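The exercises below concern a metal site and a set of paired strands. Work through each task before reading its solution.

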Amino acid sequence: MKEIIRVTRQYRFCAAHRLHTDALPDDVNRKVFGKCNNPNGHGHNYTVFVTVTGEPDAVTGEVTDIEALDRLVTGKIVERFDHRHLNHDPAFRQLVTTGENLARVIWDELVNAVPAGRLDKVGLRETRDNYFEYRDTPPS
Ligand code: NI
């Protein structure tokens, strides 16, 4: 019998953003995004939850190499976004810096790079009350 386990690891970074799209006039931006459209931006203490799934290795009992995962996420996500303004990141040239889009950008960075196992889910806590989740549906 195949045993599937999910392992979740948390990472943190602080970043600024402004919810705004050039596709809409300024007054509509203000209406849609409210105070999050403030021209000076605002910041969040983000927590990223990276879930890797797979069968534990028969010898080590581990689904993935946590140290290698830490190096990957620290290098590709934390160091890239920590203490930056997300709107200035190339990934958001055409994308609003919503939690939805940020979760997807993080997924895209990690999906083909996890050390062992398969990326199952990226969770993103933005505020006490906001949590976003991105996962791909595997082709059936
Ligand atoms: Ni915000």
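**Exercise 1.** Find which atoms coordinate the nickel ion in this predicted model, and describe how the donor residues are spaced in sequence.

Solution. Start with the donor atoms: the nickel ion is coordinated by NE2 of His 17, NE2 of His 42 and NE2 of His 44, at 2.0 to 2.1 Å. Next, write the spacing of these donor residues in sequence, which is H-x24-H-x1-H. Last, place two of the donors: His 17 belongs to strand 1 (residues 5-17) and His 42 to strand 2, so this pair ties together parts that are 25 residues apart in sequence.

**Exercise 2.** Decide whether His 17 is buried or exposed, and then classify His 42.

Solution. The relative accessibility of His 17 is 1%. Buried means under 20%, so His 17 counts as buried. The value for His 42 is 24%. Partly exposed covers the range between under 20% and over 50%, so His 42 counts as partly exposed.

**Exercise 3.** Trace how strand 4 pairs with strand 2 and with strand 5.

Solution. Take strand 2 (residues 42-54) and strand 4 (residues 118-125): they run antiparallel and are joined by 7 bridges. In this pairing, Thr 53 stands opposite Arg 118 of strand 4. Then turn to strand 5 (residues 131-134), which pairs with strand 4 in the antiparallel sense over 4 bridges. Here Leu 124 stands opposite Phe 132 of strand 5. Finally, look at the connection: strand 4 and strand 5 form a hairpin, with 5 residues between them.

Note on methods:
Residues numbered from 1 in each chain as written. Predicted model: local features only at pLDDT ≥ 70, side-chain atom pairs only at ≥ 80, totals over all residues. Heavy atoms only, no water. Pairing = 2+ DSSP bridges. Donors = N, O, S within 2.8 Å, 3.2 Å for Na, K, Ca; no water. Buried < 20%, exposed > 50% of the residue type's maximum accessible area, 1.4 Å probe, protein only.
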